[in-house]
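Colleague: Hi! I'm new to this one, could you walk me through it?
Modeller: Happy to, let's put it on the screen and start.

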Amino acid sequence: MSSTIEMAPKKIQTKDKATSLSGSQAVLEAFLAEGVDTIFGYPGGAIMPIYDALYDYQERLNHILVRHEQGGIHAAQGYARTSGRTGVVFATSGPGATNLVTGLADAMIDSTPLVCITGQVFAHLLGTDAFQETDVINITTPVTKWNYQVTDATEIPSVLAKAFYIAKSGRPGPVLIDITKNAQIQKFDYEGYEKCNHIRSYRPKPIVRKEYVEQAAKMINEAERPFVIFGQGVILGKAETEFLKFIEKAGIPTAWTILGESAIPTDHPLAVGMLGMHGNYGPNVLTNECDVLIAIGMRFDDRVTGRLDKYARQAKVIHLDIDPAEIDKNVKSAVPVWGDCKETLPLLTELIAPKVYPQWLQKFREYQQQEEETCINPELNPTSDEMTMGEVIRTLNELTGGDAVIVTDVGQHQMVACRYAKFTQSKSNVTSGGLGTMGFALPAAVGAKFGAPSRTVVAIIGDGGFQMTLQELGTIMQFDVDVKILILNNQFLGMVRQWQQLFHDKRYSFVNITSPDFVQVAKGYRIEGNSISERDKLKAAVKTMLDHKGAYLLEVMVGKENNVFPMVPQGCSVAEIRLK
Amino acid sequence: MSKQEFTVTVYTENQIGLLNRIAIIFSRRKINIESLNTSPSEVEGIHRFTIVINEVEEVVKKLARQIEKQVEVLKAYYNTNEEIVWQELAMYKVPTDEIAEKVKVERLLREYGARAVVIRKDYTIFETTGQREETDKLISVLEPYGLIEFVRSARVAIIKASSGFHEKLKEFEQTEPGEEVIENEFLDKQDEVFTM
Ligand SMILES: Cc1ncc(C[n+]2csc(CCOP(=O)(O)OP(=O)(O)O)c2C)c(N)n1
């Protein structure tokens with residue numbers, strides 16, 4: 001980063017200068033200038049001028065008509081997560097815009113860069129309870145990184161430039177631009193598009209403080225039982241290589257949060273697994289035994305820390321994060337390292353001594369051994385007749401070699417998939433982490449495929465979550481989206497049932513869910529499928545799914561009352577993690 | 001750590017909707033705002049919020065960081081009452097005949113540093129500026145004479161330290177170039193990767 005004061009913004013000439021354009025055309029010109037290739041959306045009265053303009057841009061902008069705006073925004077999230085780019089969404093005013101709220105909240109908490117464009121009623125009708133008018137700006141304020149209402153077309157180029165800059169820079173997040181219908185129609189003299197790279201009041205990256213990097217290096221060099229935990233910051237910062245260099249030189253055992261998963265290969269020699277409520281035994285227990293805890297691009301979510309007053313009290317915490325508000329928010333750090341980890345990690349790597357900690361690493365392996373015996377083995381190689389979710393994931397690993405993008409919904413299957421899936425490449429684990437949004441996986445898988453078209457995309461979904469957004473099968477049908485849909489059907493809202501079993505005396509209150517014949521449903525959408533309930537058919541069925549050209553739905557009937565273990569019960573310390 | 005009064009000073013761009021964004025940061029944590037003032041600052045285009053809350057320092061520090069995270073916020077500071085000079089403005093409406101008859105108005109004005117803003121036949125409005133206890137005192141004096149209406153402004157505050165906020169603001173205002181957005185590897189390959 002240089003500290004030059006003047007920096008010429010990059011001028012992008014799409015249309016000739018001083019051409020007359022409508023606001024709607026200006027939106028699409030901005031997309032072209034920002035390199036947008038795919039838009040997920042759903043039309044309606046208040047965004048019709050933009051759709052009208054889109055008619056002439058079809059060759060250059062790929063628009064995917066979803067079946068529900070929630071599907072549209074989750075698709076854009078999936079796209080962003082596998083491509084590392086900004087997802088783009090269109091929705092109309094009123095109900096169209098309010099249908100985006102769940103996805104905005106999800107993207108906000110999981111730091112996903114999005115630019116959402118919503119139509120709005122004519123400016124002169126604002127505040128009159130006009131047809132399909134809602135105060136979208138105020139509704140979405142708590143769930144956007146930034147939002148803005150455009151009432152005059154001349155603002156569009158600069159506002160969109162700002163929107164893309166804000167969504168992507170620093171800690172990424174969703175941005176919503178609400179455009180009144182008059183502004184979409186209004187013609188104005190277009191002066192070209194200038195990318196934004198500076199906003200007076202906005203500093204996306206904090207200034208790296210070298211003295212803190214030095215203190216951190218010293219602390220690491222003096223540590224006896226250092227432990228690295230990392231989150232999605234490594235992926236968002238595109239710092240996978242820098243991160244690997246760091247841990248490999250430091251020789252420190254390393255665990256990931258659910259959103260950090262896949263940033264390093266799952267079977268890396270220093271990888272010790274997943275943190276959190278359903279994470280692995282060793283990393284959870286040993287969080288409370290390490291002497292230096294190095295947290296990188298993660299935010300100490302309560303699902304990771306469990307009880308805060310019993311979390312890593314013995315450890316000196318070094319926290320690397322791009323968002324200064326995360327430092328000391330939940331866990332007090334001994335040394336804060338503000339900054340983009342792509343910049344701070346190499347500085348740190350430079351200053352640390354190459355080391356190995358064979359005995360300390362061995363401790364993780366011992367816990368792993370215990371976990372293997374009590375949880376992992378019974379889950380992956382069950383002896384009962386009923387199939388487990390774990391063995392389905394194991395079979396998937398065997399057949400994909402860990403190269404697939406795995407998109408999960410929310411529930412037991414999510415935890416099992418994240419626990420057992422193997423990953424060889426970054427940006428392969430797409431899941432709703434912070435919000436835990438059921439209904440996320442199917443549309444997100446659609447977007448994930450557009451974000452990484454050359455990769456195999458497998459959506460793993462529960463029977464409950466699938467029924468929340470299954471209408472997106474229509475999108476898959478219409479646009480030939482090659483996603484593999486793997487439903488793990490336990491005939492229950494499994495995760496809630498597990499809690500009721502463990503913490504509510506098995507009072508199974510409304511968790512018994514009846515499902516339609518999913519294969520028939522898929523057939524209705526002209527998507528091939530199969531349903532199996534016997535183990536000896538598993539491998540062949542998964543292989544058929546993966547080999548199939550185009551979308552495919554496979555339902556696997558699994559044990560009704562299996563539980564996901566280990567588990568840190570809510571309100572307990574990470575060291576109190578239960579193996580059964 | 002116990003709760004005490006903190007004054008949060010926020011420098012922002014002048015933007016619609018920002019008040020809401022800032023207010024949400026307090027309301028989602030169920031923190032009551034004691035007083036809030038917003039006005040232009042000495043810097044062109046920059047507004048200043050002065051927010052008073054009762055909280056423990058640890059929480060106030062986190063709040064300030066959350067506020068600073070907002071795109072249109074340049075800087076947020078927090079101070080204890082010892083670190084600032086602060087004032088509130090109060091206005092008092094009383095019946096003119098009562099007050100003219102029964103009170104030595106000149107003494108009142110002198111003693112409480114008050115000022116008559118409007119004198120009409122039916123009522124008189126006094127104004128005074130000061131800290132809470134000072135403006136409160138005048139209420140108790142005027143109440144027996146039929147105080148009709150009383151209003152107090154939000155707090156305005158200036159930091160005692162001589163460099164103040166301005167220097168820091170100038171430091172912050174030094175521009176830093178942004179980052180380039182990475183291009184899509186699949187761009188221009190639409191036909192190869194998408195079937196429609
Ligand atoms: C939109 C939404 N509603 C409710 C929940 C609460 N919830 C969490 S997990 C779960 C059960 C999920 O059941 P299913 O999709 O069948 O997956 P399973 O746990 O059985 O694998 C529920 C209801 C949620 N996370 N999201």
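**Salt bridges, rings and a ligand**

Modeller: Over all chains, the count comes to 32 salt bridges. Keep in mind that this is a predicted model.

Colleague: Okay, which residue of chain B does A:Asp323 form a salt bridge with?

Modeller: The partner is B:Lys69, and the closest N and O atoms are 2.7 Å apart. This pair crosses between chains. A:Asp323 is in the loop between strand 15 (316–321) and strand 16 (335–338) of chain A, while B:Lys69 is in helix 2 (residues 57–69) of chain B.

Colleague: And is A:Asp323 buried or exposed?

Modeller: A:Asp323 counts as buried, at 4% relative accessibility. B:Lys69, on the other side, is partly exposed with a relative accessible area of 35%.

Colleague: Which residues are linked with A:Asp323 in a network of salt bridges?

Modeller: The network links A:Asp323 with A:Arg171, A:Glu326, A:Lys329 and B:Lys69. Within it, A:Lys329 forms a salt bridge with A:Glu326, where the closest N and O atoms are 3.2 Å apart. A:Glu326 counts as buried at 4% relative accessibility, and A:Lys329 as partly exposed at 22%.

Colleague: Let's look at chain B. Which side chain meets B:Arg115 in a salt bridge?

Modeller: That would be B:Glu127, at 3.2 Å from N to O. B:Arg115 lies in strand 6 (residues 115–119) of chain B and B:Glu127 in strand 7 (residues 123–130), so the salt bridge ties together parts that are twelve residues apart in sequence.

Colleague: How do those two compare in terms of burial?

Modeller: B:Arg115 is partly exposed, with a relative accessible area of 49%. B:Glu127 counts as buried, at 13% relative accessibility.

Colleague: Changing topic to rings: how many aromatic pairs are there over all chains?

Modeller: A search of the whole structure finds 21 aromatic pairs. One of them is formed by A:Phe188 and A:Tyr190, which are edge-to-face, 6.3 Å centre to centre with 80 degrees between the planes. Both A:Phe188 and A:Tyr190 are buried.

Colleague: What about A:Tyr212 and A:Trp338, how are their planes arranged?

Modeller: A:Tyr212 and A:Trp338 form a tilted pair, with 40 degrees between the planes and 5.7 Å from centre to centre. The pair links distant parts of the chain, 126 residues apart: A:Tyr212 is in helix 9 (residues 210–222) of chain A and A:Trp338 in strand 16.

Colleague: Why do you count A:Tyr212 as buried?

Modeller: Because its relative accessibility is 19%, and buried means under 20%. A:Trp338 is buried too, with a relative accessible area of 16%.

Colleague: Which residues form an aromatic cluster?

Modeller: A:Phe31, A:Tyr51, A:Phe90 and A:Phe164 form one aromatic cluster.

Colleague: Now the ligand. How many residues surround it?

Modeller: There are 18 residues around the ligand, and the closest are A:Gln412, A:His413, A:Gly436, A:Gly465 and A:Gly494. The shell divides into eight nonpolar residues, nine polar and one charged.

Colleague: Which helices each supply at least two residues of that shell?

Modeller: Helix 17 (412–420), helix 19 (463–466) and helix 21 (494–503) of chain A do.

Colleague: What sits opposite the oxygen atoms of the ligand?

Modeller: A polar backbone atom of A:Gly465 is 2.8 Å from an oxygen atom of the ligand. A polar side-chain atom of A:Asn490 lies 2.9 Å from a ligand oxygen. A:Gly494 also has a polar backbone atom 2.8 Å from an oxygen atom of the ligand. Taken alone the ligand exposes 590 Å², and the protein buries 77% of that.

Colleague: Last topic, backbone oddities. Which peptide bond is cis?

Modeller: The bond from A:Phe565 to A:Pro566 is cis, with omega near 0 degrees. A:Pro566 is in the segment after strand 22 (552–557) of chain A. Most residues other than glycine have a negative phi, and most peptide bonds are trans.

Colleague: Where is A:Ser111, and what is its phi?

Modeller: A:Ser111 is in the loop between helix 5 (101–109) and strand 6 (114–120) of chain A. Its phi is near 55 degrees, a positive value in a residue other than glycine. A:Ser111 is buried, with a relative accessible area of 6%.

Colleague: And A:Asp505, buried or exposed?

Modeller: A:Asp505 counts as exposed, at 69% relative accessibility. A:Asp505 has a positive phi of about 50 degrees although it is not a glycine, and lies in the loop between helix 21 and helix 22 (518–524) of chain A.

Terms used: Residues numbered from 1 in each chain as written. Chains lettered and ligands numbered in written order. Predicted model: local features only at pLDDT ≥ 70, side-chain atom pairs only at ≥ 80, totals over all residues. Heavy atoms only, no water. Near = heavy atom within 4 Å. Polar contact = N/O pair within 3.5 Å; in protein donor to acceptor, adjacent residues only side chain to side chain. Areas by Shrake-Rupley, 256 points an atom, 1.4 Å probe, with all protein chains shown as cover. Helix = DSSP H or I, 4+ residues; strand = E, 2+ residues; numbered from the N terminus. Nonpolar A, V, L, I, M, F, W, Y, C, P; charged D, E, K, R; others polar. Buried < 20%, exposed > 50% of the residue type's maximum accessible area, 1.4 Å probe, protein only. Salt bridge = Lys/Arg side-chain N within 4 Å of Asp/Glu carboxyl O. Phe/Tyr/Trp six-rings, centres within 6.5 Å; stacked < 30°, edge-to-face > 60°.
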